[in-house]
Structure formats: C-alpha cells, structure tokens
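Biologist: Please take me through this structure step by step, giving a reason with each answer.

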2 protein chains.
Amino acid sequence: MEWSIQDIARSAGTTSRTLRHYGEIGLLAPSRVGSNGYRYYDQDALVRLQRILLLRELGLGLPAIAEVLAGQRDTAAALRTHLDLLEQERQRITRQIASVRTTLEKTEGGQQLMAEEVFDGFDHTQFKDEVVERWGKDAYDKGDQWWGSLSDEDKRAHQQRQLDIAADFGRAHQAGLAPDSDVVQAITQRLHEWIGAAATVTKPYFVGLGEMYVADPRFTQNYDRHGAGTAELVRDAMKIYAERNL
Amino acid sequence: MEWSIQDIARSAGTTSRTLRHYGEIGLLAPSRVGSNGYRYYDQDALVRLQRILLLRELGLGLPAIAEVLAGQRDTAAALRTHLDLLEQERQRITRQIASVRTTLEKTEGGQQLMAEEVFDGFDHTQFKDEVVERWGKDAYDKGDQWWGSLSDEDKRAHQQRQLDIAADFGRAHQAGLAPDSDVVQAITQRLHEWIGAAATVTKPYFVGLGEMYVADPRFTQNYDRHGAGTAELVRDAMKIYAERNL
DNA sequence: GTAGAAGTTGACGCAACGTCAATGTCAAAC
DNA sequence: GTTTGACATTGACGTTGCGTCAACTTCTAC
C-alpha cells in the first residue's frame, strides 16, 4: 500500500510542504520516488510520520524528534528534558503577564509611560523589589512620591546631574585618583547631595548602595561605561565618605 | 549631550547591533550621523529607546511598539490585546505540559509510543471510563476484544478508514453542505458501517456518540482539525441518519 | 606612528514551514 | 489527439529579532 504526498498529508492532518520539508532535513524520506520525481509513502512511513507529528504536538523540536526516532535518545528522557523547558517557558510568560498587568494599571492610572529615571538613571520602579527588601517599603514609597512630585524638567535635570557625577568619577578614575583623595571625596559629596534629594541617607544606606553599584550590573555599567573599574572606585569612595561624614 | 552607539547601548542595557537594527527598520533613528558614518544619539533618542525596551520586555513585537510610539495606537489598548495573546500562549503551554506528562506516564508504563487509534482515532483505552459508564462494561469488553483480535495490518486499515471519513466530513463542511444532504448522509453511512465493525449500533447509541463528538474535546478536535464546526456537522448528520435508518 | 578599541556596512543563520513562481505529469473529458 | 484541471516538482523568499562573523575604516592613547 502506497500513497501520494497529498494522501498521507491529508490523512495525517498536515501539508505536503511539511512532508517535503521533512524529506529535505532527512527526518522522513519517501519510501519511493518515481522516475517523474513524485514521492510515494508506504505504511511504515505513515507510522513514522504519525509518531513525528505526535511528538511535534508535544512541542519537541524536529532535531530532538529525529534523535528519538533514530533511537539515539530515550523517549522518556527527551520528554523530561522538554518538560523542564516547557515549565520554564510557562514561568516566563506568567511573569510577563504580571508585568503587563502592572504596566496596564500604571497607564490606566493616567501615568505617562516613560522610563522614569531616578536613583541612577533607571526606571526606579524596576528596582522596587530590591529597594523594598533592603530598605523597606517606606523608603521606596518616599522616593517614589518625591520623584512623582517633580516636573519633567526637574526630572531631566536631576537625571543629568547623575550623569555628570558619573562622568566625573570616570575622569577621576582615569586619572588614577585614589578614593580618599580630595577630588574624589568632593565628587562623592555631590553624589551624597544628589541621593539626599530623594531619600534620607544613613551610613549603612550609603555604604550598601555603594556595594550595590559594584554587585548589580545594571548599576555597574552605569559607572563603568566611563572606564572599567569606575564603579569600584565609587564604592570605595562612598565607604570612606560614609565613615567620615555619616 | 550626545552619546556614541556603545554608550547608549550599554546604559540602556542592550547591544549596538540592536540599535542598528532599530535604525534599519525605522524604529529608532540616530539623532545625528557623523560624516564618518558614526551614529550619535541624544537625550530624546535615549528616552525613546528606553520606552522601546520597556515595551519589548513585556513581549510586544517591534511593529506593535512602533505603532504605540507613533501614537497611532493607545498604549493601554495595545497592552490589553497583548495580554490576551500572552494568556492564550500560557494556556497552550499548560496544555502541552499536561500532554507531555500523560505521554511520559505511558512510555514509562512500558507502552509502545505509537498512535494506537480506534473508535475515533484515539487510543481507546483512554476512553474506557466513558464507554463503561454510558454503554456498560459489556460493550467496552466486546469492542476491546474485537480490537485485540485484529492484526496490526487490519488495525491500521481500520484506523485509516476513520481518518478518511473524518477528512471527507471536513471537506463537506468546508463546501458548506447541509447535514441532511445526500453527500453528507453517504459519508455518515460509511461512518455507521465503520462503527458497526466494532459494536452493535442502535439508534440511541449512534445519536449519543454524535453528541459526544461535540461535547468531548478529544473527539471534537479530531473532526475540527478539518475545519472548525465539522464536529457539529457530524453530530447533526448522525442524528438525521439515525432518525431515518435506525 | 602605531597598536588596539570601537565604529561601519553587509550578509548568513536560526525554526518550521507558508507561500508564491515557474514548470512538468497524469487522468479524465472533449 | 488534445485540452483541461488537479496535482506534482524544485527553487527561493518571508517570517522574528537580533547574534555572529567578516572585511574594512576610524578614533584614541601612548
């Protein structure tokens, strides 16, 4: 018993294009090819095709399916691996859904959808979790309120000040200045004032923030774009500043 | 204030390649291009980039983002549409996970992973409960025995007949034929004969089976993969057929 | 002056086919 | 014997969002 390409395509619920594709990639060859170039598939090919489609519906990739069918890989093992992937994927989407919901609430609350930058040139809402965890919800809310109270102009200016400070740290680092040098400590004071606009700065807060500048790449790059190692200079300078002044 | 491509890439947490891509597709043009071909981006471009990346992290496609940023589309509306998509996607993956789990259990139970299809293109042991409940244990045992008595060849042939019948129903539905049309009734007769091979077909049995085709998604999809609404056509056709012939 | 970092423009690759385009075959109808 | 229409073939591009060379030019710092 032998069928034409359309026949098996229809009976297996797929398309002739798909069969040709499987032929091309060596996943399912026709059992016979006529002198006219027509492909014909027999019983065995049909069975194989059905197994392929079954696995594909489970979401396996064609290369993975090929391995399983070639017996190079245990079906159960492949499925378990795949299951992990699927669960990760679901996790990701679940998180995305949560994010979209949050964003929707924001925009519907009349907020402009803009990357609001505070603290260090980033949308501070992005750091909500970290901030709340380290310094409590009050600290976050206070900073958030303060930020919201600024005009767009003020926001921009504030953000620009941070950029300038970062650039100055970069130049100091480039010049090889020490964290306890007067120049660096002067820049650090400006940083202190800048942060003080948004939050009450305590000693552990300031020191912790400095450590975060090094530990969290989102902050690190903010300084290190002015030269690798700048963030570390800033952290050390902040620690010294805190010891001396806070 | 102006930055090079690497500068904004780093500060926004993306790559220069991405920025060039956005330039190519017209999503974000550099604010200035030097005579040497270098791209430079200003404050406004940075803000725009940040909004783009924000939306992208929520999973929106670049064209959708372009519409939103162009003001052609309301952000909230776009997000709501997107939310629906995400939820569908999560549904799909959840179903896939369930399927993979089922398949895993089967293969670990030592069963051969093959599409054993009977009754309606499915592994009939999967429907044991329903069959026993509706038509009694005898009916199930009889069908099961009959099925077991077939050679693999015969099983295949029987299964193939069902697939052909389903495909024909699909084409009839696509053609807009009525359930009481001669063509559809002829297909239904073939279905009757096909079922008759396994079980004694009575009027309520036939009608009930038709209803199950619509009520149980495992059956429904078997027909509806040939076009949404096919299962309903089959049910109606079976009812009419039963009234006239059983 | 020269090295090395950073910039540029192509162009391919990925996953799994969908979708033309241009053309050849086959069975049935005229 | 020919025409027609359905079905077949082999390319080859399009899809999504960049990653990743490759080959070359430009800037920056010593």
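Modeller: Before we begin, keep in mind that this is a predicted model. We will also need one cut-off: a polar contact is a pair of N or O atoms within 3.5 Å.

Biologist: How far is a phosphate oxygen of DNA strand C from an N or O atom in the side chain of A:Arg56?

Modeller: A:Arg56 is one of the residues that come nearest to DNA strand C, out of the 19 around it. A pair of N or O atoms counts as a polar contact within 3.5 Å, and the side chain of A:Arg56 offers such an atom to a phosphate oxygen of the strand at a distance of 2.8 Å.

Biologist: What percentage of the atoms of DNA strand C that come within 4 Å of the protein is sugar and phosphate?

Modeller: The residues nearest to DNA strand C include A:Arg17, B:Gln6, B:Arg20 and B:Arg39. Among the atoms of that strand that come within 4 Å of the protein, the share of sugar and phosphate is 74%.

Biologist: Which residue has a polar side-chain atom 2.9 Å from a base oxygen of DNA strand C?

Modeller: We can set aside A:Leu62, where a backbone N or O atom lies 3.2 Å from a phosphate oxygen of DNA strand C. The residue whose polar side-chain atom lies 2.9 Å from a base oxygen of this strand is A:Arg17.

Biologist: Which element gives the largest share of the surface near DNA strand C?

Modeller: The elements giving two or more residues to this surface are helix H2 (16-24) and helix H4 (62-69) of chain A, along with helix H1 (5-12) and helix H2 (16-24) of chain B. By kind, the residues of the surface divide into six nonpolar, eight polar and five charged. The largest share, four residues, comes from H2(A).

Biologist: Turning to the other strand, which residue has a side-chain N or O atom 2.9 Å from a base oxygen of DNA strand D?

Modeller: DNA strand D is surrounded by 19 residues, and A:Gln6, A:Arg20, A:Arg39, B:Asn36 and B:Arg56 are the closest. Two of these reach phosphate oxygens of the strand through their side chains, A:Arg20 at 2.8 Å and B:Asn36 at 2.9 Å. The side-chain N or O atom that lies 2.9 Å from a base oxygen belongs to B:Arg17.

Biologist: Which element gives the most to the surface near DNA strand D?

Modeller: At least two residues each are supplied by helix H1 (5-12) and H2 of chain A, and by H2 and helix H4 (62-69) of chain B. The element that gives the most, with four residues, is H2(B).

Biologist: Which strands stand at the edges of the sheet in chain B?

Modeller: In chain B, three strands form an open, antiparallel sheet in the order E1-E3-E2. The edge strands each have a single partner strand, so one side of each is left without a neighbour in the sheet, and they are strand E1 (2-4) and strand E2 (32-33).

Biologist: Which residue of E3(B) is the bridge partner of B:Ser4?

Modeller: E1(B) and strand E3 (residues 39-42) of chain B run antiparallel and are joined by three bridges. On the other pairing, E2(B) and E3(B) are joined by two bridges, where B:Arg32 has B:Tyr40 as its partner. The bridge partner of B:Ser4 is B:Tyr40.

Biologist: What angle does helix H3 (residues 43-57) of chain A make with E3(A)?

Modeller: The sheet of chain A is open and antiparallel, with its three strands in the order E1-E3-E2, and its edge strands are E1 (2-4) and E2 (32-33). Helix H3 packs on this sheet, touching E1 and E3 of chain A, and its direction makes with that of E3(A) an angle of about 85°.

Biologist: Are the rings of B:Phe206 and B:Tyr241 stacked, edge-to-face or tilted?

Modeller: This is one of the four aromatic pairs over all chains. Planes under 30 degrees apart count as stacked and over 60 as edge-to-face. The ring centres of B:Phe206 and B:Tyr241 are 5.5 Å apart and the planes lie at 50°, so the pair is tilted.

Terms used
Residues numbered from 1 in each chain as written. Chains lettered and ligands numbered in written order. Predicted model: local features only at pLDDT ≥ 70, side-chain atom pairs only at ≥ 80, totals over all residues. Heavy atoms only, no water. Near = heavy atom within 4 Å. Polar contact = N/O pair within 3.5 Å; in protein donor to acceptor, adjacent residues only side chain to side chain. Nonpolar A, V, L, I, M, F, W, Y, C, P; charged D, E, K, R; others polar. Pairing = 2+ DSSP bridges. Phe/Tyr/Trp six-rings, centres within 6.5 Å; stacked < 30°, edge-to-face > 60°. Contact = heavy atoms within 4.5 Å. Axes fitted to C-alpha atoms, helices over the stretch in contact; angles between N-to-C directions.
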